[in-house]
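Open the model in your viewer and keep the selection tool at hand. The stops below say what to pick next and what is there.

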Amino acid sequence: MKNMGLNEIRSAFLEFFESKGHLVESSYSLVPQDDKSLLLVNAGMAPLKNYFTGAEVPPQNRMATCQKCIRTGDIENVGKTARHATFFEMLGNFSFGDYFKKESLEWGWEFVTEVLEIPVDKLWATVYLEDDEAYEIWKNDVKIPEDRIIRLGKADNFWEIGNGPCGPSSEIYFDRGERFGCGDSDHKPGCECDQFLEFWNHVFTQFNKNEDGTYKPLAKKNIDTGMGLERIAAIMQNVDSIFEVDTIKRVLDKVVEISGRPYNDNVKDDISIRIITDHIRAVTFLVSDGVLPNNEGRGYVLRRLLRRAARHGKLLGINGLFLRDIVNVVIEESGAAYPNLVEKQEFIKKVISIEEERFYLTIDQGMEILNGYIEIFRKSGVLPGPEAFKLYDTYGFPLDLTREILEEINMTIDEDSFNEEMEKQRDRARQARENESEVGWEEGKGSILSAFEPTQFVGYNQLHSDAVCLGIIKDLKSVENATIGDEVEIFFDKTPFYAESGGQVGDKGVVCNDESEIHILDCTKSKNGVFLHKGIIKKGTIQVNQSYSLSVNANLRSDTAKNHTTTHLLHKALRMVLGEHVEQAGSFVDSKRLRFDFTHFNALSHEELKKVETIVNKEILNALPVDVSISSLDDAKSMGATALFNEKYGKEVRVVKIGDFSMELCGGTHLTNSSQAGLFKIISEGGVAAGVRRIEALTGLNALNYFENMEETLNKVLEIIKSNKEDIVSKSSSIVEDMRKMMKENEILKSKIASSNIDEVKDKSIVLDGITIVKYGYKNADSNIIREIADRIKDQLNEYLIVLASTIDDKVIFVTMASEGAIKKGLHAGNIIREVAKIAGGNGGGRPNMAQAGGNDPEKMEFALDNVEQIAKSMLK
């Protein structure tokens with residue numbers, strides 16, 4: 001058996017199947033494309049799902065990949081065992097209606113025994129108990145002894161998810177030796193012990209499961225195999241754990257070096273070392289595929305993994321930022337196979353460093369909140385689930401960290417109610433993903449359209465075309481005709497209408513003949529390339545197999561092209577001004593405006609925005625030709641064309657070149673010369689997610705209208721402040737300065753009036769257990785004033801609890817202060833104000849010595865203050 005490195009095994013696998021006529025594709029992004037049933041790619045076949053269902057035509061009927069995958073279902077076990085991981089690579093060979101069981105199993109055996117040179121006597125095979133065909137192939141063609149071919153049931157050797165394509169599977173096992181066994185002399189694959197390790201699963205998709213539970217043979221049978229790269233590497237390198245595999249061990253060694261803690265010396269340290277090793281690999285690949293930390297979806301997965309790794313660094317005694325240093329090792333080990341890791345190395349490190357730094361700030365903030373909860377719930381000994389979830393969800397405070405801290409003081413978490421809150425969040429997330437079926441095989445429009453060839457798009461060069469109606473969809477059903485007033489989706493053999501794609505909206509226009517007229521409001525594209533024209537029948541009827549004239553709204557198309565071409569200019573200008581780390585993270589262009597999302601970590605300054613705007617307008621004025629060409633993806637990249645994060649490209653790509661200034665891969669519609677954009681104006685810039693900024697802008701007449709509206713507004717302001725354009729700045733500054741002076745004088749006056757009765761307020765105080773309790777309500781005094789009054793009162797007292805309130809703008813505000821002695825006796829300002837504010841329909845909290853709160857019922861201010869004494873009594877120790 002060869003001792004092969006992980007990278008060597010990957011190359012050998014892909015080269016082997018290339019020699020068997022397979023198209024070898026690079027790994028698809030971890031971010032699923034056009035599949036809302038998945039948050040992240042979690043299996044080798046996931047990006048190829050549409051090829052298996054027939055929704056899309058594969059580039060070749062034989063394919064092979066090494067797919068990067070992430071699974072977080074058992075994240076809590078990562079680190080605690082030597083086999084669990086969130087990130088892994090899956091080797092797979094696939095057949096879409098081409099070869100079947102015989103070739104799949106024979107080639108699998110050939111690769112394992114002749115390329116990897118695994119001894120035959122170490123290998124076993126399992127088949128589904130009713131799959132005689134696979135059994136006979138192993139026995140008669142591959143020549144495995146019958147006593148090493150094991151029949152297993154559905155749970156082990158039959159693949160299905162709900163209704164739809166499914167089938168039996170066959171797995172290849174490696175015998176690790178009796179030292180890993182359970183002592184049973186008759187044990188074999190299927191036993192729960194660790195002696196037999198499954199490493200390659202061959203799924204034979206040959207049936208369709210119907211709703212009544214019956215199985216119907218598929219006309220075209222498919223092959224889907226999966227072999228975990230890390231697992232087969234562990235076998236080839238004769239190590240007991242994926243963390244000892246060469247490329248992963250070098251990452252682990254870096255963690256050991258930075259922490260100064262040896263591996264295999266302390267159980268707790270080993271768990272932390274493994275967690276950091278696994279999570280930093282996952283995080284590095286996620287960021288390279290354009291995922292950025294946030295509190296939703298895949299961004300939340302990234303944030304959770306990154307913060308969990310950072311927290312375990314703290315447990316190992318690592319001070320300061322350290323994850324970026326480990327990223328370097330991950331990229332050194334995997335960069336050759338995944339070039340985008342190298343291309344985006346500095347960007348990846350910057351994202352990770354910023355999030356790690358934010359987490360350390362969060363930890364401090366979370367500890368302050370947790371300590372407040374501990375004060376409240378210590379007597380009960382249980383932290384309620386909603387409070388634990390708020391720490392987890394709002395402050396990014398890991399549940400296991402909360403649990404560990406509470407265990408040290410003999411407290412626990414109500415994890416049942418925590419899980420209820422978590423489930424509510426998952427429900428919200430599922431709803432936000434439009435309740436898409438997790439199975440992904442469901443029928444609908446897709447089943448209607450799957451029988452049709454892709455629509456021929458002729459709209460790059462013409463806005464009018466005659467075409468034949470191939471189908472009509474009304475109320476999600478296929479119909480032969482439709483009449484006036486019906487809302488329909490129509491598809492033709494060809495069309496000049498652009499279908500919504502790449503951030504560009506679909507065209508609008510008219511479909512007609514002598515008897516009919518349909519107003520097209522949008523155009524979209526199905527997964528298999530059929531263009532759907534959504535519209536309302538305004539005249540006559542529309543009939544399948546009839547010819548119609550299709551006309552795109554030329555003005556809307558032209559204005560959309562202005563915005564799309566200018567988006568390319570904007571992208572390049574941002575990279576020039578901000579740096580090469582800028583990547584497109586999303587876009588939207590229609591006839592009215594453009595919106596461009598891009599990776600960057602800080603708000604753009606006025607000067608940076610001005611530079612970007614100037615560059616774009618300069619290139620518009622330079623009247624650059626816009627040239628479009630078709631090229632292979634490799635040739636386009638070698639020419640320097642910019643490809644977008646997570647975009648799915650075919651063998652041939654469309655290259656849009658604007659002079660010598662910009663070159664991008666793009667399927668949208670464009671101008672023929674940059675000067676046709678006329679004018680460019682940025683109207684807003686802001687953040688949309690952690691590390692993602694958004695610019696909105698206008699072009700052409702829309703930009704001109706913007707300036708005209710601004711001038712009209714300016715003239716109205718000049719009229720109001722009685723100034724001319726030349727003096728507007730000085731006149732405005734003078735008015736603002738006068739306002740500031742008046743506001744300051746007003747604050748001083750209100751403060752004097754409010755504080756003039758401090759002695760009166762003190763006279764109404766009471767003494768409780770040696771603590772002077774002062775409570776008083778005001779009208780129209782803001783929080784700054786009553787806080788100032790509280791400061792003055794406390795300066796005249798030794799031990800005190802001060803609760804002041806004021807009604808202002810249909811609200812009530814509270815300020816509470818407590819002395820050190822009062823705190824020692826149990827009077828926590830934050831806890832007291834929370835209870836007081838509840839009475840007035842509000843909430844709040846804060847530190848033990850000072851807190852603020854608000855309420856929505858000002859009429860209950862006095863009643864709330866009347867309860868201060870009773871609340872204080874209940875809290876005194």
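## Stop 1: a four-stranded sheet

Select R595: the residue opposite it is E696, in strand 29. This is a predicted model.

Now widen the selection to residues 594-599, which are strand 24, and residues 692-699, which are strand 29. The two strands pair in the antiparallel sense, over six bridges.

Add the rest of the sheet. Its four strands come in the order 23-24-29-28. The sheet is open, and the pairing is antiparallel. Which strands are at the edges? They are strand 23, at 584-589, and strand 28, at 680-689. Each of these edge strands pairs on one side only. Direction ignored, neighbouring strands here are turned against each other by 15 degrees on average.

## Stop 2: a three-stranded sheet

Next, select 626-632 for strand 25 and 662-665 for strand 27. Add residues 652-658, which are strand 26. Together these strands make an open sheet in the order 25-26-27, with antiparallel pairing. Strands 25 and 27 each have a single partner strand, so one side of each is left without a neighbour in the sheet. The average turn between neighbouring strands of this sheet is 25 degrees, direction ignored.

Go to the pairing of strand 25 with strand 26. Seven bridges join them in the antiparallel sense. Pick two positions along it:

- I630 has R654 of strand 26 as its bridge partner.
- S629 stands opposite V655, also in strand 26.

In a regular strand, side chains alternate between the two faces of the sheet.

Is strand 26 mostly covered or mostly uncovered? Mostly covered: five of its seven residues are buried.

Move to the other side of the sheet. Strand 26 and strand 27 run antiparallel and are joined by four bridges. Select K657 and M663, a pair of bridge partners, with M663 in strand 27. The two strands form a hairpin, with three residues between them. Stop at G659 in the turn: its phi is positive, at about 55 degrees.

## Stop 3: helix 17

Select residues 554-578. This is helix 17, with 25 residues. How far apart should its ends be? At 1.5 Å a residue, the helix should span 36 Å. The C-alpha atoms at its ends are 36 Å apart, so the model agrees with that value.

Look at the start of the helix. A side-chain oxygen of N553 comes to within 3.2 Å of the backbone nitrogen of N555. Then jump to the other end. G579 follows the helix, and its phi is positive, near 130 degrees.

Stay with this helix and label K572 and F661. K572 lies over the face of the F661 ring, at 5.0 Å from the ring centre.

## Stop 4: aromatic rings

Show the aromatic side chains. The structure holds 34 aromatic pairs. Start with F16 and F17. Their ring centres are 5.0 Å apart and their planes stand at 85 degrees, so this pair is edge-to-face. Both residues are buried.

For a second pair, select F207 and Y215. Here the centres are 6.1 Å apart and the planes are at 65 degrees, so this pair too is edge-to-face. What about exposure? F207 has 22% relative accessibility and therefore counts as partly exposed. Y215, at 29%, also counts as partly exposed.

Go back to F16 and F17 and add F13, F111 and W200. Ring pairs link these five residues into a cluster.

One more ring is worth a click. Select R176 and F180: the charged end of R176 sits over the F180 ring, 3.8 Å from its centre.

## Stop 5: towards the end of the chain

Select residues 820-824. This is helix 24, and K824 lies in it. K824 is exposed, with a relative accessible area of 60%. Add K877. K824 and K877 are 53 residues apart in sequence, and their C-alpha atoms are 8.5 Å apart in space.

## Last stop: the whole chain

Clear the selection and zoom out. The chain has 27 helices and 35 strands. Its C-alpha trace spans about 105 × 85 × 50 Å along the principal axes. Of the 877 residues in the chain, 51% are buried.

Technical notes
Residues are numbered from 1 along each chain as its sequence is written. This is a predicted model: local features need pLDDT of at least 70, side-chain atom pairs count only at pLDDT 80 or more; totals for chains, interfaces and linings use all residues. Side-chain values use heavy atoms; hydrogens and water are left out. The expected span of a helix is 1.5 Å times one less than its number of residues. A polar contact is a pair of N or O atoms within 3.5 Å; within protein, one must be able to donate a hydrogen and the other to accept it, and residues adjacent in sequence count only if both atoms are side-chain atoms. Rings of Phe, Tyr and Trp (its six-membered ring) pair if their centres lie within 6.5 Å; planes under 30 degrees apart count as stacked, over 60 as edge-to-face and the rest as tilted. Buried means under 20% relative accessible area, exposed over 50%, partly exposed in between (1.4 Å probe, protein chains only). A charge sits over a ring if NZ of Lys or CZ of Arg is within 6 Å of the ring centre and within 35 degrees of the ring normal. Two strands pair if DSSP finds at least two bridges between them. Axes are lines fitted to C-alpha atoms, for helices over the stretch in contact, and angles run from 0 to 180 degrees between N-to-C directions.
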